[in-house]
Amino acid sequence: MSLSSATLPLPEAPSPFQLRLLSMADADELIAMYSDEEVARSLNFEVPVRPETIRKKLAGDLEVMRRGESFRWVLSTREDPSAQGYLTLFNWSVKDRRAEVGYMVARKLWGQGVMKAILPALVRFGFEQMGLHRLEALVSVANPASLRVLARGGFHQEGVLRGYRPSGTGDGFVDMHILSMLQPEWRKAVAK
């Protein structure tokens with residue numbers, strides 16, 4: 001049996017957070033998060049975000065999960081089961097033993113250290129459960145907070161991909177930081 005969300009346990013999130021597998025039942029709450037203009041801009045989405053765009057994205061994400069090519073989770077708390085974030089390990093190459101980490105957190109949680117707390121669980125899952133050698137992250141140069149989270153979480157900045165993605169506003173292209181963490185670096189860091 002291949003690795004998939006059906007065969008592996010969920011990453012262990014620190015209290016008070018919990019993770020569950022993405023489902024279309026989460027669509028309305030995730031649409032509300034993506035529709036926040038600041039959240040959409042941080043992710044380089046066109047503003048305003050159209051609900052049908054997000055529903056199509058989530059349907060595609062679920063299909064990629066079903067094929068065992070990514071893992072997608074919804075962040076909530078034990079006290080409030082509503083979706084408060086969306087986390088993923090995607091662009092997974094089993095052959096090359098690498099994947100990309102991505103995340104979105106509701107704006108009401110910004111600046112509270114949520115991803116600082118959650119990121120280690122995603123990294124551990126990638127290296128221990130998925131057998132990755134390399135974990136990558138792409139972050140818009142316009143999102144310094146996410147860049148800090150990843151750097152503090154042990155990711156190393158490799159460079160800037162100039163003009164990497166069309167801007168969400170349609171008026172040009174966005175430069176992206178590329179960061180990575182290798183499994184031997186992570187093992188050494190967690191052994192300390």
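Here are some notes on this predicted model, starting with the overall fold and then going through individual residues.

1. Overall layout. I count along with the assignment here: the protein has 6 helices and 7 strands. From one end of the sequence to the other, the order is β-α-α-α-β-β-β-α-β-α-β-β-α. The radius of gyration is 16 Å, close to the 16 Å that the globule rule gives for 192 residues, so the protein is as compact as a globular protein of that length. Its C-alpha trace spans about 45 × 35 × 35 Å along the principal axes.

2. Packing and surface. Buried residues make up 45% of the 192 residues. Of the contacts with a separation of 6 or more, 61% are between residues 24 or more positions apart. The exposed area comes to about 10,200 Å², and carbon and sulfur atoms supply 52% of that. As for charge, there are 25 positive and 22 negative side chains, with the centres of the two sets 6 Å apart.

3. The stretch around E1. Have a look at the peptide bond from Ser15 to Pro16: it is cis, with omega near 10°. Pro16 belongs to the segment before E1. For context, most peptide bonds are trans. On the other side of the strand, Asp26 sits in the loop between strand E1 (17-21) and helix H1 (27-35). Is Asp26 buried or exposed? Its relative accessibility is 4%, and with the cut-off for buried at under 20%, Asp26 counts as buried. The Asp26 side chain has a polar contact of 2.6 Å with the side chain of Arg20. Setting aside residues up to four places away in sequence, Asp26 touches Arg20, Leu21 and Val74.

4. Asp80. This one is in the loop between strand E2 (71-77) and strand E3 (85-93). Asp80 is partly exposed, at a relative accessible area of 29%. Its side chain is joined to that of Ser82 by a polar contact of 2.8 Å. Asp80 and Phe17 are 63 residues apart in sequence, yet their C-alpha atoms are 9.3 Å apart in space.

5. Two positive phi values. Which residues should you check on a Ramachandran plot? Asn91 has a positive phi of about 50° although it is not a glycine, and Arg97, also not a glycine, has phi near 55°. Most residues other than glycine have a negative phi. Asn91 lies in strand E3 and counts as exposed, at 53% relative accessibility. Arg97 is in the loop between E3 and strand E4 (98-105), and is partly exposed with a relative accessible area of 41%.

6. Arg134. What does Arg134, in strand E5 (residues 134-140), touch beyond its sequence neighbours? Leaving out those within four places, its contacts are Arg97, Arg98, Ala99, Phe127, Glu158, Ile178, Ser180, Met181 and Leu182. Arg97 from the previous point is thus among them. Arg134 itself counts as buried, at 18% relative accessibility, where the limit is under 20%.

7. Thr169. Finally, Thr169 is in the loop between strand E6 (156-166) and strand E7 (173-182). With 62% relative accessibility, Thr169 counts as exposed. Ala151 is 18 residues from Thr169 along the chain, and the C-alpha atoms of the two are separated by 27 Å.

Technical notes
Residues are numbered from 1 along each chain as its sequence is written. This is a predicted model: local features need pLDDT of at least 70, side-chain atom pairs count only at pLDDT 80 or more; totals for chains, interfaces and linings use all residues. Side-chain values use heavy atoms; hydrogens and water are left out. Helices (H or I, at least four residues) and strands (E, at least two) are DSSP runs, numbered from the N terminus. The radius of gyration is taken over C-alpha atoms; the globule rule is 2.2 Å times the number of residues to the power 0.38. Buried means under 20% relative accessible area, exposed over 50%, partly exposed in between (1.4 Å probe, protein chains only). Contact means heavy atoms within 4.5 Å. Accessible areas come from the Shrake-Rupley method with a 1.4 Å probe; for residues, only the protein chains shown count as cover. Lys and Arg count as positive and Asp and Glu as negative; His and the chain ends are not counted. The place of a charge is taken as NZ of Lys, CZ of Arg, CG of Asp or CD of Glu. A polar contact is a pair of N or O atoms within 3.5 Å; within protein, one must be able to donate a hydrogen and the other to accept it, and residues adjacent in sequence count only if both atoms are side-chain atoms.
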